Every structure is written in C-alpha cells, then in structure tokens.
Amino acid sequence: MRRQQYVGKIVDGAFDTSSVDRIIVATESNVLAAISAKTGDILWRQVLENGPRGTVKLLHVTTPSSTGARLNRGGNSGYDVITVTGSNPALVRGWNSNLGTLEWEWSLLPTVAEESASVALWFEHDGLLYHVVPVWGSHLEVTPYQAVSGQQARSTTTRIAAGWIAKDRCVLAGSFFACGIKEQLLALDLAADASSTVVSKPLGSEAVGSPRAVRGEPAVIQNGRYYSLRSDQKLAFGTRDAALVDRMVQEGEPMLLQGMVDRVNNKLTINAHRLRDFVRFDPIEFSTDFSDALGDPELVAIRCKQSSGGGSSRGGAGLVCRVLLSTEDGAIVLVQQGKIKWVREEALAEVETAEFLDLTLSDAEGAIEEELNNKN
C-alpha cells in the first residue's frame with residue numbers, strides 16, 4: 001500500500017530565493033510546507049494546530065530583494081519564513097526554510113472581543129508585522145509589532161476612523177484596506193500616518209461583491225478592472241482572470257501577470273505587462289492545455305532565470321519561467337515554459353465524509369472466503 005501525504009489548498013506561497021528547488025506554501029488545511037519545484041514532492045511539512053487556532057492568517061517569505069539580506073541576528077533570532085496563525089491567541093512563528101524547523105515564536109493575546117479578534121488581519125511592511133482589527137461601520141484598530149521579538153513598535157494602538165467599512169465588502173491589499181462601497185472604491189494605507197487620507201476611485205457602476213486583492217502589489221480587481229491603490233492606473237480585467245505582481249523577473253521592475261482561461265478550448269494563457277506603463281512584456285507569454293476538471297486558477301508566484309543559451313526560447317528572450325498556480329478544486333500546479341510540469345491533487349486533504357460498502361462476491365470468491373474461514 002502506498003502512503004500519500006497532502007498539504008491542502010494553497011492560502012499563500014512563494015519561491016524560496018535561497019534555493020533553486022523550493023516552494024514555500026501555507027494551506028487551508030493548517031499546513032506549512034516546502035514543495036520541490038522540480039517534482040512536486042513534499043520536502044518538509046509542518047501540520048499546525050487544528051481548527052481556528054491553526055488557521056494561517058499570514059505567510060511571509062523573506063527575499064534579499066525586499067530586505068537587502070535575510071535577517072540573521074545571531075542565535076535563533078533569524079528567520080526565512082514567518083507565519084501568523086489563529087487569533088485567540090495569535091501565534092507568530094519564524095521558520096527555517098531549508099529544514100522546516102521552528103526558530104522562534106511569540107503569541108498575541110486578544111485585546112478586543114473574541115468575535116472581533118477572529119476577523120483580525122495581518123500584513124508585513126518594512127520588517128514590521130501589522131495587526132488590523134476592523135470594527136465594521138466604525139473604525140480600524142492598527143498595531144505594528146517587531147517581527148522577531150513581538151515588541152509593540154508604537155506605544156499605543158492607532159484607531160483610524162472609517163465609518164464606511166462594511167463586512168463582506170472589503171479586503172486587505174498589501175498595506176491598504178479597500179472596500180467596494182456603492183459606486184466607489186475606497187481605501188486607506190494602514191502603514192502610513194494615522195491621518196492618511198481616504199483613496200477614492202469612481203467605479204462607474206454599483207460595486208459587485210468584495211474587491212479581489214492582487215498578490216504582490218497594493219491593488220485590487222473590482223467590477224472587471226485592475227485598480228492600483230497608489231496611482232491612477234487601471235486596466236480592464238476579466239472578473240475570473242488571475243493577477244499577480246512580481247518584482248524579481250526584471251530586477252525590481254514590477255511586472256503585472258494576467259492569467260486567462262479559455263473554457264471553449266480549455267487553454268490557459270499567461271502574459272505580462274510592465275506595471276509602470278502597462279507595456280506588454282513579451283518574454284512572459286505562453287499558453288498551455290488546462291483541463292476544466294481543475295477549475296479556475298489563481299496565480300500564486302513566478303520565478304524566472306536566464307536560459308543557459310541566453311537566446312530566445314518559447315518563453316522569449318532567454319527567460320525560463322516557472323509559475324505556481326492554485327486551482328478552484330484545490331490542486332497545486334506548476335507551469336514551466338508553457339507546459340504543465342506537475343500537478344498535486346489536494347482535494348483529499350479535506351475529506352468530509354467516508355462510506356464503506358460491502359461488495360457482492362462472485363461464487364468463486366465466496367467459495368475461497370468460506371474455505372479460508374474453515375478452521376480445519
């Protein structure tokens with residue numbers, strides 16, 4: 001019998017820049033794991049607490065490009081990966097990405113009602129972890145902490161008036177808290193000064209549902225458009241299109257990736273634009289077969305490198321790219337140069353019910369079973 005291990009549907013993930021073969025993922029099944037980019041095999045896996053206590057609220061994988069260097073302050077104070085789980089209390093942990101070992105942890109006891117604590121959000125900005133508690137229809141409570149020590153970075157919690165925030169209409173996008181309210185997109189930068197002004201963008205029609213946060217950038221997709229929360233940029237986007245902003249492909253030049261599925265032909269197309277001017281970036285453009293059994297994909301992370309030949313290839317301009325996808329049915333997919341390299345079917349990570357059936361035996365099978373049960 002073959003023993004199969006699962007990790008579950010991805011909540012967040014990133015390529016580990018300290019390795020050519022490691023992807024760090026956190027999942028809805030309360031699992032933190034490293035997966036081989038080459039094979040899709042599990043390199044290590046940490047199963048966190050059951051239920052809401054182990055729910056992953058934040059995964060942050062450090063990268064040299066964003067921090068200058070990985071933090072390593074001696075002893076057990078360095079980290080490669082940070083997770084925040086649960087809310088009562090919230091557990092903040094630093095992990096070694098190579099071995100999957102726990103380096104340090106601290107906990108945050110709730111200072112608000114349990115119901116409010118359960119909807120609390122977290123984000124990382126400039127080495128600080130921000131704890132955000134929305135009080136619907138009233139205000140936001142924001143508290144930054146030192147990532148490793150848990151020491152509060154400000155003497156008091158900041159209360160930001162925001163009477164317009166409403167449950168199921170808002171999302172955290174980078175450091176911005178954004179809501180689709182009536183015919184406007186309203187947002188606040190929670191990492192800025194407490195007196196920061198509300199960003200307001202007209203939608204032209206009634207906001208449909210909650211905005212979708214774009215990974216890697218303070219931006220959202222609302223009513224079929226990409227809206228930057230830092231500028232006036234907007235771009236037509238399909239309501240089911242996937243989006244991702246990456247800064248590693250072009251050494252700090254932000255790239256907006258768009259994933260579109262053609263269900264008539266079951267084709268997934270991924271292309272990219274330079275974020276500053278939306279000029280097409282042809283080296284990242286490819287299509288691949290994409291079964292309708294997988295459902296709609298979400299772009300999680302991308303990693304590219306120059307091919308050994310340095311010339312043009314199917315990915316273009318000598319770039320070899322790997323794109324990590326999470327699909328509607330929970331599968332984890334790695335696409336490399338327009339081909340699916342591997343798929344991890346993760347639906348069995350969450351089995352809701354199981355039934356065991358006694359199958360009818362044939363006459364021959366019945367005779368064999370009767371003979372085996374004969375004590376003589």
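Visitor: Numbering the bonded cysteines of the chain in sequence order, what is the pairing?
Guide: This is a predicted model; local features need pLDDT of at least 70, side-chain atom pairs count only at pLDDT 80 or more, and totals for chains, interfaces and linings use all residues. Residues are numbered from 1 along each chain as its sequence is written, and side-chain values use heavy atoms, with hydrogens and water left out. A disulfide here is a pair of cysteine sulfur atoms within 2.5 Å. With the bonded cysteines numbered in sequence order, the pairing is 1-2, 3-4.

Visitor: How many disulfides does a search of the whole structure find?
Guide: One joins C170 to C179, at 1.9 Å from S to S. Another is formed by C304 and C321, with sulfur atoms 2.1 Å apart. The search of the whole structure gives a total of two.

Visitor: Which hand does the disulfide of C170 and C179 have?
Guide: Both C170 and C179 are buried, meaning under 20% relative accessible area (exposed is over 50%, partly exposed in between; 1.4 Å probe, protein chains only). The torsion about their S-S bond is about 105 degrees, so the disulfide is right-handed.

Visitor: How far apart in sequence are the parts that C304 and C321 tie together?
Guide: The torsion about the S-S bond of C304 and C321 is about 110 degrees, so this disulfide is right-handed. Strands (E, at least two residues) are DSSP runs, numbered from the N terminus. C304 lies in strand β25 and C321 in strand β26, so the pair ties together parts that are apart in sequence by 17 residues.

Visitor: Which strand gives the largest share of the largest nonpolar core?
Guide: A nonpolar core is a set of buried Ala, Val, Leu, Ile, Met, Phe, Trp, Tyr and Cys residues joined through side-chain atoms within 4.5 Å. The largest has 23 residues, of which L257, I284, L299, I302 and L325 touch the most other members. Strands that each supply at least two residues include β21 (242-250), β22 (253-262) and β26 (319-327). The largest share, four residues, comes from β26.

Visitor: How many residues are in the second, separate core?
Guide: Its members include L140, V142, W164 and L188. This second core is separate and has 19 residues.

Visitor: Which residue of β6 stands opposite L58?
Guide: Strand β5 (residues 56-61) is mostly covered, with five of its six residues buried. Two strands pair if DSSP finds at least two bridges between them. Five bridges join β5 to β6 (residues 81-85), and the two run antiparallel. In β6, the residue opposite L58 is V84.
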